[in-house]
Amino acid sequence: MNEREAPSLATHGDRDGSTTAPVAAVRSVTKRYPGVIANDGISLEFRSGEIHVLLGENGAGKSTLIGILAGMQQPDEGDILIAGQPVKIASPRASLELGIGTVFQHVLLVPSITVIENLMLGGRWWQLLTREPALKRFRELSALLGVEIDPDALVGRLSLGEQQQVEIMRALWRGEKVLILDEPTSMLTPQGVHDLGNVMKRLRDKGVAVILITHKLMEAYEFGDRISVLRLGRVVGQISPTTLAGMSEAETTDTVIRMMFGTGAEHARDAEALVGRGRQAHRSRAVDRSGLPRFSVRGLQTAATRGECPLRDVGFDLWPGEIIGIAGVDGNGQKHLADVLAGQRTAIAGRIELAGHEITRDRVPERRKHGIRYVTDERLGEGTVGAFSVATNLVLKEIGADPYWRRGLSDWPLIHEHAREQIRRNDIRTPSERTMLSNLSGGNIQKVLLARELDAEASVVVFNKPTYGLDLQNTRLAHERILASAERGLAIIVISTDLDELLEISDRIGVMFQGRLVGIVENSADVERRVGLLMTGAEAA
Amino acid sequence: MEALLTEAFLTSLLFGAVTAGVPLLLAGLGEQISEKAGVLNIGIEGMMLFGAYAGFVATFYSDSFTLGFLIGGLGGMLVAAIVAVLCIRFGLNQIVIGIAVTIGMEGLTALLHFFQFSKTYPRLSQAPVLELPGLSQIPVIGRALFSHNPVVYLGVIMVVGLTWLFRASFVGLNLEAAGSKPAALDAAGVSVTRTRAVAVLATGFMAGVGGAYMANVGAGLFVPFMTGGAGFIGIVLAMLARGRPVWVLLGAALFGISLAMTTALQVAGINIPTDVVQMLPFAMVMLVLVVFARHSVLPPALGLPYVRGDR
Amino acid sequence: MSVETEAEVGGGSVSGQVAKEIQAATVRVLVPVLLALVMGGIVLLLLGKDPLAYYGYVVKRGLFSWGGLQETFTRMAPLLLIAAGLIVAFRAGIWNLGGDGQFLLAAVITAALGPALIGLLPRALTLIACMIVSTLVAAAWSLVPAILKARYGVNEIITSLMMSFLGTSFANVLVKLFFRDPGTTVPQTRNLPVEDRLPRIFDTTIHSGVLIALAVVILVHLMMTRTAFGLKLQVVGANPGAAVHAGLNVGWLTIATFALSAGLIGLGGSVEILGVWGTVRADWNPAFGLLVVPLVFLARFNGYAVIGFTLFFSALMIGGESAARRVGVPQHYVLVLVALLLIFLALVEYLDHLRRRRLKA
């Protein structure tokens, strides 16, 4: 990526006249990883009584900075200052003792113990568990946050929103100076996001310095007092409270885009991906539903497994060329749905039909033969074998099949030739087809998956969180490929927790709630409100 | 058949069951602590063996059984320290190191014993017995259950102690977190490495005492490879006990009975070949595993080294 | 432990890259071996023995004496077959630690069947029948752990170890009670006369079982690297989640792997009886099962490399057996060496992994 001279770091509308020293600050912090500079000379100040948003795409370096403040990593260069004094945050314990509480993107609670036990975690091992002081603090924080949770409930049984509230309590447990929230809204319903916003504002009003990490411009505008924009490891601009207060959302959007991408038009499309909803027109293609549905599902049910939400009742029809988006908060059965559609999990009840044929009992190999493809969300966990070469991964689902295997014997030259072709055609950035797959970047691993799944015989494709963790460019590329596949006549299911993404590419949107597909709505004018309602469990929006 | 119900047989069986079961109990409890914390301690057999040899040597030269148990425990802990450094500090594969430790201690103790005692094969005098007042007078079970070396009673007390410890103190909480979701423990500011290391060291100590018991009390001498799978049975007990020490006790009792069968049958005058009876405990283990397969619960982070910041 | 992967990223010319890789590979192999020998030597010193004398004697006897060299090659037969069995299992991510039980049971079955059949069938058929039946018996012995793992996810380390203890006792029972030769004082099976055992190679005392073992190891290697079945096993071993995702029948593959692995190890037991002993004495247990583990890891599961390592380990064992009598260092020392080898292997792997990570930066 070319290094464009970033707009001067001078903020838009500078000092707001506040005289208090920042409660925390980072000064010229740099952190390098193999092959990438995650943080490049970042200097920022965090003030009490202010919600400071760090806004940037995936890969901009936000999580690394937070990791440093939370004591998980050490900076290679630069200082951390607490109340003006340089400190070393050598471990999570040190971070907590300095009054910095961090809520990470993935829930860091032990599911097999209760809420109060999770909150008490951190005591020295020779101490006895004393409930009363902990309960007292729990009640304090519950009042502060305005939430109500049973302290003796097993964390594994709570909803994701409640778990997040417990996480916030845990972060504030030892003192409320700084609260860092790393992408907290990805797991929440629109209502949940709204509630979280209220919690943040209450904390801010009580004097806590709140740091909010997000890649969603809308959130930054709605919740932030101050916005710092990050790109490629650097701070490319900042909007101070006074300035922000006087700007509309559109103006803020323009300013942020200019800070990130300058005024060049070539980045306009990346910019649109950042902004998402509101800028992009909804899909206006009409889907031809005159014939038989290509893919038909009725009454799907799966067996309950420990810690996962099973399917209770899922049904929908899908026509060729159509994209159906499956929305919903994580943990409402999406994983089981993807598994069942792909053939990795058997349904205990229900029916799946492909172009009129029943395929409910078919497992993965048979479904693949029928043209069903699955781009999984767990790219390294199940989609690929990190220790194998790119070439091997590209034929991973066809082991034993013609033409790469004849009578059980491998034709490695042919496999490598096929790989080179795929690498060329899909612009996969890799030194060679023999490179170990885990050496590739996340975006390129996704390209491998897409290359493998979107082959000539694909007819129905299931995408699970297709752009999770990808930067803007790769996100855009993935969306383009999905749309192109629909143009070619494939029937597509996109499961995602990112509602903006679904609004952008789906023809219809269904919502998963507690294992049921509770409603399917057309992607038209009123869609967001209706989907939001469905996500809370209200029937028929 | 009546031969089986004689006092002699029953006393012999129960007494033998306790003697055979105590090392299993200690190994099982120890392994349970490790497994709770997320460490699959395959090397426990090696820890028991080294504890057996160390304890034997200590008692042989000092005439003190108490010292023997102490040194045995420390010996087991020493081996555990090696596992802690390699697997927990460096994150080496726990299974490979466990196999190495087991084979290594088998070889090392056999080697040491060869150079020290192979000419003489000395025996120890009878280990001290603590007869519980009153209880030891009860016919049959009195002599079988309540006239044992103090370590036996300590073992049972440990079951109660650990149960309480797991429930009422941070020990239990930290172990649970280290085994289920170490990242949560780390974020709470507690060192996962230290928690796991302490767990492994505790396991080593208990295994060492168990081994010393086998040598000093059970047999009265050290024979190379004498643990004969006791450590592995301890692992099975821990696997099936689902985190409750009292289940380890029950399992150890069960296997103790099967191990004591040979001698007891001989006492009763029934002559079943030793080898057949020797199959009994392992056959029982397999049977129990087959029947209870779906109920064995292991902590999610078992066997996986924890690296901060690893996503 | 890491599986042998294809060539990796790096700057510089291709030949420079290859040279660097070869150098790294040599270091990765030599350093653990040397460290183990040195550390073991220190142990010997502490016990009052001269390590150089010991090692010198071992090498002289195992490799440089004609009698010893023949024994070394002969000893390779069971070790190679066990190695083949372990390669299959470990590549598939399955810890088959029940080798001793599988080995012994197969040996006992062979020892019982051989003398029984030799009166009825020509030698070649007897030998083949013994090998096949024993292989099947050993494979069957792995069924319970295999099904427990495939169906219920029960950790196979424990189950295979328990079956090993069970198998060893059971083999003893068979020898002492069922297959006992009434004509001998020491309990053992009926002896298979030397002329009815596996034929020798030319004029040596090396039996053709060694050739069988070599062929099997190479076949296993080719199977793992050039067939669909081998690749499927590797997928299961490297990432079980991906195996399910790719549509592989993980349960069936688990059972097949276990059966193949146990069968190969059992073949090792059978060949050892048919080639060397002709009989199984009560309480006989060479316990090769775990000793081969570090060799397989050292070789990174490569069949050709394993042959080389087995040769040297075999020499060590033969030399060591003799040294027990002559130099006064019991064979237990080999166990210590094996343990040290495993530990240093793991350490060197770890350091190598760290070095690669730093190189990428």
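**Domain organisation and contacts of chains A, B and C**

Chain A is partitioned into three segments of assignment: domain 1 (24–108 + 177–258), domain 2 (269–371 + 457–541) and domain 3 (380–456). In this predicted model, the centres of domain 2 of chain A and domain 3 of chain A, taken over C-alpha atoms, are separated by 26 Å. Their contact draws 11 residues from domain 2 of chain A and 9 residues from domain 3 of chain A. On the domain 2 side, the largest share, 4 residues, is provided by helix H17 (residues 472–487) of chain A. By class, this side of domain 2 of chain A comprises 4 nonpolar, 3 polar and 4 charged residues.

Confidence was examined for the model and for individual chains. The model scores are ipTM 0.89 and pTM 0.89. For chain A, the mean pLDDT is 86, with 91% of the residues at 70 or more. Residues 1–17 of chain A have a pLDDT below 50, and this stretch nevertheless has 23 contacts in the model beyond near neighbours in sequence. A further stretch of chain A, residues 277–281, also stays under 50 in pLDDT and has 5 contacts beyond four places in sequence. These residues fall within the bounds 269–371 listed for domain 2 of chain A. Chain C averages a pLDDT of 90, and 96% of its residues score at least 70. In chain C, pLDDT stays under 50 over residues 1–12, for which the model has 25 contacts beyond four places in sequence.

Chain B touches both chain A and chain C. The contact with chain A takes 20 residues from chain B and 22 residues from chain A. Helix H7 (170–180) and helix H8 (182–187) of chain B each contribute at least two residues to the side of chain B that touches chain A. Of these helices, H7(B) accounts for the largest share of that side, 7 residues. The residues on the side of chain B that touches chain A divide into 11 nonpolar, 5 polar and 4 charged.

The contact between chain B and chain C involves 39 residues from chain B and 36 residues from chain C. At least two residues of the side of chain B that touches chain C come from each of helix H4 (94–117), H10 and helix H12 (274–292) of chain B. H4(B) gives the most to this side, with 15 residues. By class, the side of chain B that touches chain C has 30 nonpolar, 6 polar and 3 charged residues.

Helix H10 of chain B, which supplies residues to the side that touches chain C, also packs within its own chain against helix H2. The axes of H2 (residues 44–62) of chain B and H10 (residues 230–241) of chain B come within 7 Å and cross at roughly 135°. Because angles over 145 degrees are needed for a roughly antiparallel arrangement and those of 65 to 115 degrees count as roughly perpendicular, H2(B) is oblique to H10(B). The crossing of H2(B) with H10(B) is right-handed. In this contact, B:Ile44, B:Glu45 and B:Met48 of H2(B) meet B:Ala230, B:Gly231, B:Phe232, B:Gly234 and B:Ile235 of H10(B). The residues of the contact between H2(B) and H10(B) comprise 5 nonpolar, 2 polar and 1 charged.

Note on methods: Residues are numbered from 1 along each chain as its sequence is written. Chains are lettered from A and ligands numbered from 1 in the order in which they are written. This is a predicted model: local features need pLDDT of at least 70, side-chain atom pairs count only at pLDDT 80 or more; totals for chains, interfaces and linings use all residues. pLDDT is the predictor's confidence in each residue, from 0 to 100. Two residues are in contact if their C-beta atoms, placed from the backbone, lie within 7 Å. Axes are lines fitted to C-alpha atoms, for helices over the stretch in contact, and angles run from 0 to 180 degrees between N-to-C directions. Angles under 35 degrees count as roughly parallel, over 145 as roughly antiparallel, 65 to 115 as roughly perpendicular and the rest as oblique. A crossing is left-handed if the near helix is turned anticlockwise from the far one by less than a right angle, and right-handed if clockwise. Ala, Val, Leu, Ile, Met, Phe, Trp, Tyr, Cys and Pro count as nonpolar, Asp, Glu, Lys and Arg as charged, and the others, Gly among them, as polar. Domain bounds come from an automatic or database domain assignment.
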